[in-house]
Amino acid sequence: MKFNEIVVISGKGGTGKTTVTSSLIPYFEDVVIGDCDVDAPNLKILFSPKDIEIKEFFGMKKAKRNMEVCNNCGLCFKYCKFNAIDNLTKCEGCGVCEYICPTGAIEMVDNKAGSLIISDTSYGKLVHASLIPGEENSGKLVAEVRKATKKIAEEENKKYIILDGAPGVACNVISSITGIKKAVVVTEPTLSGLHDMERLLDLIAKFRIKPYFIINKYDLSNEISEKLENFIEEKGYKVSVKIPFEKEIFNCINMKKIPSTEMKEFFNKIGFDKLVEELKKD
(Lines give C-alpha, C1' and ligand atoms only; values in the text may rest on other atoms or scores of the structure.)
Protein backbone atom coordinates (compact mmCIF):
# COMPACT_ATOMS: atom_id res chain seq x y z
CA MET A 1 0.00 0.00 0.00
CA LYS A 2 1.31 3.44 -0.93
CA PHE A 3 1.56 5.85 1.99
CA ASN A 4 1.75 9.63 2.09
CA GLU A 5 4.52 11.17 4.22
CA ILE A 6 3.91 14.64 5.66
CA VAL A 7 6.50 16.45 7.78
CA VAL A 8 6.02 19.49 10.03
CA ILE A 9 9.12 21.68 10.20
CA SER A 10 10.25 25.12 11.34
CA GLY A 11 13.31 27.26 10.78
CA LYS A 12 13.92 27.51 14.52
CA GLY A 13 12.85 25.95 17.78
CA GLY A 14 9.97 27.29 19.86
CA THR A 15 7.60 28.23 17.03
CA GLY A 16 4.90 25.76 18.08
CA LYS A 17 5.86 23.03 15.60
CA THR A 18 5.06 20.14 17.93
CA THR A 19 1.77 21.74 18.97
CA VAL A 20 0.81 21.97 15.30
CA THR A 21 1.90 18.38 14.65
CA SER A 22 -0.15 17.02 17.53
CA SER A 23 -3.16 19.05 16.38
CA LEU A 24 -2.95 17.70 12.83
CA ILE A 25 -2.80 14.03 13.79
CA PRO A 26 -6.45 13.62 15.01
CA TYR A 27 -7.64 14.70 11.54
CA PHE A 28 -6.03 11.61 9.99
CA GLU A 29 -6.96 7.95 10.08
CA ASP A 30 -4.65 5.05 9.21
CA VAL A 31 -1.66 7.01 10.44
CA VAL A 32 1.82 6.25 11.77
CA ILE A 33 3.43 9.02 13.84
CA GLY A 34 7.13 9.81 13.94
CA ASP A 35 9.06 12.29 16.10
CA CYS A 36 12.24 13.30 14.25
CA ASP A 37 13.36 15.80 16.87
CA VAL A 38 15.72 13.29 18.48
CA ASP A 39 17.65 15.95 20.42
CA ALA A 40 14.54 17.09 22.30
CA PRO A 41 11.66 14.65 21.65
CA ASN A 42 8.47 15.90 23.27
CA LEU A 43 5.62 14.79 21.00
CA LYS A 44 5.18 11.74 23.26
CA ILE A 45 4.12 13.99 26.15
CA LEU A 46 0.74 14.66 24.54
CA PHE A 47 0.03 11.07 23.47
CA SER A 48 0.70 9.10 26.68
CA PRO A 49 2.34 6.28 24.71
CA LYS A 50 2.80 2.71 25.87
CA ASP A 51 6.25 1.51 24.85
CA ILE A 52 6.27 -1.68 22.78
CA GLU A 53 9.90 -1.95 21.71
CA ILE A 54 13.14 -0.17 22.66
CA LYS A 55 16.26 -0.51 20.51
CA GLU A 56 19.74 0.75 21.27
CA PHE A 57 21.19 3.16 18.72
CA PHE A 58 24.90 3.09 17.99
CA GLY A 59 26.47 6.14 16.38
CA MET A 60 30.08 6.55 15.34
CA LYS A 61 32.73 4.28 16.83
CA LYS A 62 34.87 5.61 19.66
CA ALA A 63 38.31 4.73 20.94
CA LYS A 64 38.78 2.16 23.72
CA ARG A 65 42.16 1.69 25.39
CA ASN A 66 43.21 -1.70 26.75
CA MET A 67 45.36 -0.85 29.76
CA GLU A 68 46.72 -4.42 29.93
CA VAL A 69 48.37 -3.90 26.53
CA CYS A 70 49.15 -0.17 26.82
CA ASN A 71 52.80 0.71 27.63
CA ASN A 72 52.00 4.36 28.42
CA CYS A 73 54.18 5.69 25.60
CA GLY A 74 51.99 8.81 25.39
CA LEU A 75 51.64 8.90 21.59
CA CYS A 76 47.85 8.81 21.75
CA PHE A 77 47.81 11.83 24.07
CA LYS A 78 50.23 13.65 21.76
CA TYR A 79 48.29 13.12 18.54
CA CYS A 80 44.67 13.28 19.77
CA LYS A 81 43.41 16.73 18.74
CA PHE A 82 40.36 16.48 20.99
CA ASN A 83 42.01 15.60 24.34
CA ALA A 84 39.74 12.55 24.42
CA ILE A 85 42.04 9.75 25.57
CA ASP A 86 40.90 10.08 29.16
CA ASN A 87 37.48 11.51 28.30
CA LEU A 88 35.61 9.53 25.64
CA THR A 89 32.76 12.05 25.55
CA LYS A 90 35.17 14.24 23.58
CA CYS A 91 36.10 11.49 21.09
CA GLU A 92 35.25 12.37 17.48
CA GLY A 93 35.95 8.88 16.16
CA CYS A 94 38.82 9.88 13.84
CA GLY A 95 40.86 6.76 14.68
CA VAL A 96 44.27 8.47 14.80
CA CYS A 97 45.04 6.99 18.22
CA GLU A 98 44.31 3.47 16.98
CA TYR A 99 46.52 4.03 13.94
CA ILE A 100 49.59 5.33 15.77
CA CYS A 101 49.45 3.04 18.84
CA PRO A 102 52.61 0.86 18.67
CA THR A 103 51.19 -1.91 20.88
CA GLY A 104 47.66 -2.14 19.43
CA ALA A 105 46.18 -1.14 22.77
CA ILE A 106 43.50 1.07 21.19
CA GLU A 107 40.61 -0.04 19.02
CA MET A 108 37.52 1.71 17.71
CA VAL A 109 34.40 0.13 19.20
CA ASP A 110 30.65 0.61 18.90
CA ASN A 111 29.33 3.42 21.05
CA LYS A 112 25.75 3.65 22.28
CA ALA A 113 24.46 7.10 21.32
CA GLY A 114 20.76 6.83 22.08
CA SER A 115 17.60 4.77 21.86
CA LEU A 116 14.82 4.25 19.32
CA ILE A 117 11.38 3.53 20.75
CA ILE A 118 8.21 2.18 19.17
CA SER A 119 5.10 2.96 21.20
CA ASP A 120 1.36 2.52 20.93
CA THR A 121 -1.08 5.44 21.21
CA SER A 122 -4.81 5.91 20.72
CA TYR A 123 -4.06 7.35 17.26
CA GLY A 124 -1.67 4.62 16.09
CA LYS A 125 1.97 3.66 16.46
CA LEU A 126 4.45 6.36 17.50
CA VAL A 127 8.14 6.05 16.63
CA HIS A 128 10.39 8.32 18.64
CA ALA A 129 14.01 8.41 19.69
CA SER A 130 16.35 10.07 22.13
CA LEU A 131 19.96 10.99 21.50
CA ILE A 132 22.22 10.94 24.55
CA PRO A 133 23.24 14.57 25.30
CA GLY A 134 26.57 15.41 23.67
CA GLU A 135 26.45 12.53 21.19
CA GLU A 136 26.64 12.99 17.42
CA ASN A 137 24.83 11.38 14.47
CA SER A 138 21.39 12.93 15.08
CA GLY A 139 20.80 12.79 11.32
CA LYS A 140 21.46 9.05 11.30
CA LEU A 141 19.06 8.51 14.22
CA VAL A 142 16.38 10.55 12.42
CA ALA A 143 16.85 8.25 9.41
CA GLU A 144 16.27 5.27 11.71
CA VAL A 145 13.03 6.84 12.99
CA ARG A 146 11.79 7.33 9.43
CA LYS A 147 12.84 3.83 8.42
CA ALA A 148 10.81 2.39 11.31
CA THR A 149 7.70 4.46 10.47
CA LYS A 150 7.81 3.28 6.86
CA LYS A 151 8.16 -0.34 7.93
CA ILE A 152 5.12 -0.05 10.21
CA ALA A 153 3.10 1.72 7.50
CA GLU A 154 3.88 -1.07 5.03
CA GLU A 155 3.20 -3.91 7.48
CA GLU A 156 -0.07 -2.42 8.79
CA ASN A 157 -1.26 -0.88 5.49
CA LYS A 158 -1.37 2.64 6.87
CA LYS A 159 -2.12 5.46 4.47
CA TYR A 160 -0.31 8.36 6.18
CA ILE A 161 2.90 9.05 8.05
CA ILE A 162 2.95 12.30 10.05
CA LEU A 163 6.41 13.42 11.14
CA ASP A 164 7.33 16.04 13.70
CA GLY A 165 10.53 17.24 12.04
CA ALA A 166 13.65 18.58 13.67
CA PRO A 167 13.90 22.40 13.89
CA GLY A 168 16.47 24.48 12.01
CA VAL A 169 18.30 23.67 8.77
CA ALA A 170 21.07 21.27 9.88
CA CYS A 171 21.69 17.63 8.97
CA ASN A 172 18.88 16.32 11.21
CA VAL A 173 16.43 18.51 9.29
CA ILE A 174 17.78 17.31 5.95
CA SER A 175 17.28 13.75 7.19
CA SER A 176 13.71 14.68 8.20
CA ILE A 177 12.73 16.01 4.76
CA THR A 178 14.65 13.80 2.30
CA GLY A 179 12.15 12.11 -0.01
CA ILE A 180 9.19 14.06 1.40
CA LYS A 181 6.69 15.62 -0.99
CA LYS A 182 4.68 17.78 1.44
CA ALA A 183 5.82 19.87 4.40
CA VAL A 184 3.91 22.05 6.82
CA VAL A 185 6.16 24.98 7.69
CA VAL A 186 5.46 26.65 11.04
CA THR A 187 6.79 30.13 11.69
CA GLU A 188 6.24 32.95 14.16
CA PRO A 189 6.04 36.76 13.83
CA THR A 190 9.52 37.61 15.07
CA LEU A 191 12.62 38.92 13.29
CA SER A 192 14.40 35.62 13.93
CA GLY A 193 11.33 33.80 12.62
CA LEU A 194 11.52 35.79 9.39
CA HIS A 195 15.27 35.24 9.03
CA ASP A 196 15.04 31.50 9.65
CA MET A 197 12.09 31.21 7.27
CA GLU A 198 14.34 32.51 4.48
CA ARG A 199 16.97 29.85 5.23
CA LEU A 200 14.39 27.09 5.47
CA LEU A 201 12.75 28.01 2.18
CA ASP A 202 16.12 27.91 0.46
CA LEU A 203 16.63 24.41 1.85
CA ILE A 204 13.27 22.89 0.93
CA ALA A 205 13.46 24.41 -2.56
CA LYS A 206 16.46 22.14 -3.19
CA PHE A 207 14.34 19.09 -2.29
CA ARG A 208 11.33 20.02 -4.47
CA ILE A 209 8.94 19.85 -1.54
CA LYS A 210 5.50 21.43 -1.66
CA PRO A 211 5.24 23.66 1.44
CA TYR A 212 2.13 24.71 3.36
CA PHE A 213 2.60 27.64 5.73
CA ILE A 214 1.27 28.34 9.21
CA ILE A 215 1.98 31.58 11.06
CA ASN A 216 1.59 30.81 14.75
CA LYS A 217 0.55 33.55 17.20
CA TYR A 218 0.37 35.91 14.22
CA ASP A 219 -1.37 38.69 16.15
CA LEU A 220 1.60 39.17 18.51
CA SER A 221 3.07 41.35 15.76
CA ASN A 222 0.80 42.15 12.84
CA GLU A 223 3.64 44.09 11.24
CA ILE A 224 6.05 41.15 11.09
CA SER A 225 3.23 38.76 10.21
CA GLU A 226 2.52 40.93 7.18
CA LYS A 227 6.23 40.84 6.24
CA LEU A 228 6.20 37.06 6.56
CA GLU A 229 3.09 36.73 4.44
CA ASN A 230 4.49 39.07 1.77
CA PHE A 231 7.77 37.16 1.70
CA ILE A 232 5.96 33.84 1.32
CA GLU A 233 3.80 35.23 -1.50
CA GLU A 234 6.88 36.63 -3.26
CA LYS A 235 8.21 33.09 -3.32
CA GLY A 236 5.04 31.95 -5.06
CA TYR A 237 3.24 30.41 -2.08
CA LYS A 238 0.47 31.41 0.29
CA VAL A 239 -0.23 31.12 4.00
CA SER A 240 -2.69 28.30 4.73
CA VAL A 241 -3.42 29.02 8.40
CA LYS A 242 -2.89 31.97 10.75
CA ILE A 243 -3.22 30.94 14.39
CA PRO A 244 -3.96 33.78 16.82
CA PHE A 245 -2.48 33.89 20.30
CA GLU A 246 -4.91 31.81 22.36
CA LYS A 247 -4.35 30.97 26.02
CA GLU A 248 -6.60 27.92 25.80
CA ILE A 249 -4.04 26.24 23.53
CA PHE A 250 -1.40 26.63 26.25
CA ASN A 251 -3.86 25.32 28.83
CA CYS A 252 -4.38 22.20 26.71
CA ILE A 253 -0.63 21.64 26.45
CA ASN A 254 -0.20 22.12 30.19
CA MET A 255 -2.89 19.48 30.79
CA LYS A 256 -1.26 17.13 28.25
CA LYS A 257 -4.24 17.36 25.93
CA ILE A 258 -4.19 17.77 22.15
CA PRO A 259 -5.47 21.27 21.34
CA SER A 260 -7.41 20.36 18.18
CA THR A 261 -9.45 17.69 19.99
CA GLU A 262 -10.34 20.05 22.83
CA MET A 263 -10.89 23.09 20.57
CA LYS A 264 -12.14 21.54 17.33
CA GLU A 265 -14.46 24.43 16.46
CA PHE A 266 -11.64 26.94 16.93
CA PHE A 267 -9.22 24.98 14.72
CA ASN A 268 -11.79 24.48 11.98
CA LYS A 269 -12.63 28.17 12.09
CA ILE A 270 -9.01 29.14 11.35
CA GLY A 271 -8.82 26.67 8.46
CA PHE A 272 -7.18 23.55 9.87
CA ASP A 273 -9.77 21.29 8.21
CA LYS A 274 -9.10 22.87 4.80
CA LEU A 275 -5.34 22.45 5.27
CA VAL A 276 -5.87 18.78 6.09
CA GLU A 277 -7.92 18.34 2.89
CA GLU A 278 -4.99 19.69 0.88
CA LEU A 279 -2.50 17.48 2.70
CA LYS A 280 -4.58 14.37 2.04
CA LYS A 281 -4.60 14.89 -1.72
CA ASP A 282 -2.24 12.69 -3.71
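This is a short tour of the structure above, one selection at a time.

**The whole chain**

Start with everything displayed, and keep in mind that you are looking at a predicted model. Show the C-alpha trace and turn on the principal axes: the C-alpha atoms fill a box of roughly 75 × 40 × 35 Å. Switch to cartoon, and the protein shows 11 helices and 11 strands. Of its 282 residues, 50% are buried.

Now add a surface. About 14500 Å² of the protein is exposed, and 49% of that comes from carbon and sulfur atoms. If you colour by charge, you will find 41 positive and 41 negative side chains. The centres of those two sets lie 2 Å apart.

A contact map is worth a glance too. Take the contacts between residues at least 6 apart in sequence: 78% of them join residues at least 24 apart.

**Stop 1: strand β6 and its two partners**

Select residues 112-121, which make up strand β6. Is this strand mostly covered or mostly open? Mostly covered: eight of its 10 residues are buried.

Next, add residues 50-58, strand β3. β3 and β6 run antiparallel and are joined by eight bridges. For one pair to click on, try Phe58, whose bridge partner in β6 is Lys112.

Then add residues 124-131, strand β7. Eight bridges link β7 to β6, and this pair is antiparallel as well. Here you can pick out Gly114, which stands opposite Leu131 of β7. How many residues lie between β6 and β7 in their hairpin? There are two.

**Stop 2: helix α4**

Select residues 138-155 for helix α4. Put a distance label between its end C-alpha atoms and you should read 26 Å. That agrees with expectation, because 18 residues at 1.5 Å a residue should span 26 Å.

Now colour the buried positions of α4: Ser138, Gly139, Leu141, Val142, Val145, Arg146, Ala148, Thr149, Ile152 and Ala153. While you look at them, a reminder about helices may help. An α-helix has 3.6 residues a turn, so residues three or four places apart point the same way.

Just after the helix comes the loop between α4 and β8 (160-164), where Glu156 sits. Glu156 counts as partly exposed because its relative accessibility is 33%, between the 20% and 50% cut-offs. Draw a line from Glu156 to Val32: these residues are 124 apart along the chain, and their C-alpha atoms are separated by 9.4 Å. Asn157 also follows α4, with a positive phi near 55°.

**Stop 3: Cys36**

Select Cys36, in the loop between β2 and β3. Is Cys36 buried or exposed? Cys36 counts as buried, because its relative accessibility is 1%.

Expand the selection to its contacts, leaving out residues up to four places away in sequence. Cys36 touches Val142, Val145 and Arg146, among others, and these three are also among the buried residues of α4. Cys36 also touches Leu163, Asp164, Gly165, Ala166 and Ser176. For a longer view, add Glu226, which is 190 residues from Cys36 along the chain; their C-alpha atoms are separated by 30 Å.

**Stop 4: Thr15 and helix α1**

Move to Thr15, in the loop between β1 (4-9) and α1 (17-24). With a relative accessibility of 2%, Thr15 counts as buried. Setting aside neighbours within four places in sequence, Thr15 is in contact with Ser10, Val186, Thr187, Glu188 and Asn216.

Continue into α1. Seven of its eight residues are buried, so this helix is largely enclosed by the rest of the structure. The ones to highlight are Lys17, Thr18, Val20, Thr21, Ser22, Ser23 and Leu24.

**Stop 5: two loop residues with positive phi**

Finish with a Ramachandran plot. Which phi does Ser48 have? A positive one of about 40°, although Ser48 is not a glycine. Ser48 lies in the loop between β2 and β3, and it counts as exposed because its relative accessibility is 59%.

The other is Lys256, in the loop between α8 (247-254) and α9 (259-262). Lys256 is not a glycine either, and its phi is positive at about 60°. At 53% relative accessibility, Lys256 counts as exposed.

Methods:
Residues numbered from 1 in each chain as written. Predicted model: local features only at pLDDT ≥ 70, side-chain atom pairs only at ≥ 80, totals over all residues. Heavy atoms only, no water. Helix = DSSP H or I, 4+ residues; strand = E, 2+ residues; numbered from the N terminus. Buried < 20%, exposed > 50% of the residue type's maximum accessible area, 1.4 Å probe, protein only. Contact = heavy atoms within 4.5 Å. Areas by Shrake-Rupley, 256 points an atom, 1.4 Å probe, with all protein chains shown as cover. Lys, Arg positive; Asp, Glu negative; His and termini not counted. Charge placed at Lys NZ, Arg CZ, Asp CG, Glu CD. Pairing = 2+ DSSP bridges. Expected span 1.5 Å × (residues − 1).
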